[in-house]
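Me: Can you walk me through this model? I'd like the cysteines, the helix packing and the empty space.
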Amino acid sequence: MTSRTRVLCVWAGDDPLMQAYHDEEWGVPQRDPRALWEMLMLEGFQAGLSWAIVLRKRETFREAFASFDPNTVARFTKRDVDRLMANPGIIRARAKIEATIAGARIFCEMRDHGDDFADFCWSFSEGNVVAGSGRSFPTQTALSETISKELKRRGFKFVGPTIVYAWMQAVGIVNDHSINCFRRNEVAREPAVRRGARRRRTK
């Protein structure tokens, strides 16, 4: 398929970086717990801003946050917060920085109690990719509200239903590529969850 015949989601625009992100990452079912957590944290930084800003700063974010290794970030101290606040290459919002550090600690606590973050994330859809209509694009759904409430209950911050839905789109829990987008069917053929993932227990 040539660049002339490709149809992309409108939001990809004509920015090469956004187009590459759209073509290679957005909507692909993510099965790695660390990567799922990293994207959730970055979506939190995006709140109130455009994703393009975060995308352009992503490599600097990764350098500043130790490649988003939860074990390392969980040990960050006030000195690290001050260091990050002085870093012009990231989004310098103290509350979001502190929320990321707290989020790393929650991730580690979940893991240490046998609650795999990838299994947790995919459990809400029972391991299945939710197919969007491809014609209308909500900013939040009943499912994103449910996930948001559970994340908040566990102590995560900057995880409102709109942020969570953007994250669900990004990590492929929902396939929201537009109906004519060349990636819609390609993404639909991707495996939904990693082998061995557990389903969420219902009470």
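Reply: First a term: buried means under 20% relative accessible area, exposed over 50% and partly exposed in between, with a 1.4 Å probe and protein chains only. The model is predicted, so local features need pLDDT of at least 70, side-chain atom pairs count only at pLDDT 80 or more, and totals for chains, interfaces and linings use all residues. Residues are numbered from 1 along each chain as its sequence is written, and side-chain values use heavy atoms, without hydrogens and water.

Me: Cysteines, then. Is Cys108 buried or exposed?
Reply: Cys108 is buried, at 9% relative accessible area.

Me: How many disulfides are there?
Reply: Zero. A disulfide here is a pair of cysteine sulfur atoms within 2.5 Å.

Me: Why no bond for Cys108?
Reply: Its closest cysteine sulfur is in Cys121, 14 Å away, which is too far for a bond.

Me: And what about Cys181?
Reply: The closest cysteine sulfur to that of Cys181 is in Cys9, at 3.8 Å, again too far for a bond. Cys181 is buried too, with 5% relative accessibility.

Me: Switching to helices. Which residues of α5 are buried?
Reply: Asp80, Val81 and Leu84, in a helix that spans residues 78-85. They sit on the same side of α5, because they cover an arc of only 105° around the axis. The arc is taken from the directions from the helix axis to the C-beta atoms. Helices are DSSP runs of H or I with at least four residues, strands are runs of E with at least two, and both are numbered from the N terminus.

Me: What's on the other side of α5?
Reply: Lys78 and Arg79, both exposed.

Me: And what covers the buried residues?
Reply: The cover includes α3 (51-64) and α6 (94-112).

Me: Where is Gln46?
Reply: In helix α2. Gln46 is buried at 17% relative accessibility. Leaving out residues up to four places away in sequence, Gln46 touches Trp51, Val54 and Lys96. Contact means heavy atoms within 4.5 Å.

Me: Now the backbone. Which sign does phi of Ala66 have, positive or negative?
Reply: Positive, near 55°, in a residue other than glycine. Most residues other than glycine have a negative phi. Ala66 lies in the loop between α3 and α4 (70-73) and is partly exposed at 27%.

Me: What about Phe68?
Reply: Phe68 also has a positive phi, about 50°, and is not a glycine. Phe68 is in the loop between α3 and α4, but it is buried, with 0% relative accessible area.

Me: Empty space next. How many cavities of 30 Å³ or more?
Reply: One. On a 1 Å grid over the protein atoms alone, a cavity is a set of points where a 1.4 Å probe fits but cannot get out; a pocket is an open set with protein on both sides within 12 Å along at least five of seven lines; lining residues have an atom within 4 Å of a point.

Me: What is the volume of the largest cavity?
Reply: About 60 Å³. Volume is the space filled by probe spheres set on the points, with grid points joined across faces, edges and corners. The largest share of the lining, four residues, comes from α2.

Me: And the largest pocket?
Reply: About 520 Å³. It has 21 lining residues, and Trp11, Trp26, Pro138, Ala166 and Gln169 lie nearest its centre. Helix α9 gives the largest share of that lining, five residues.
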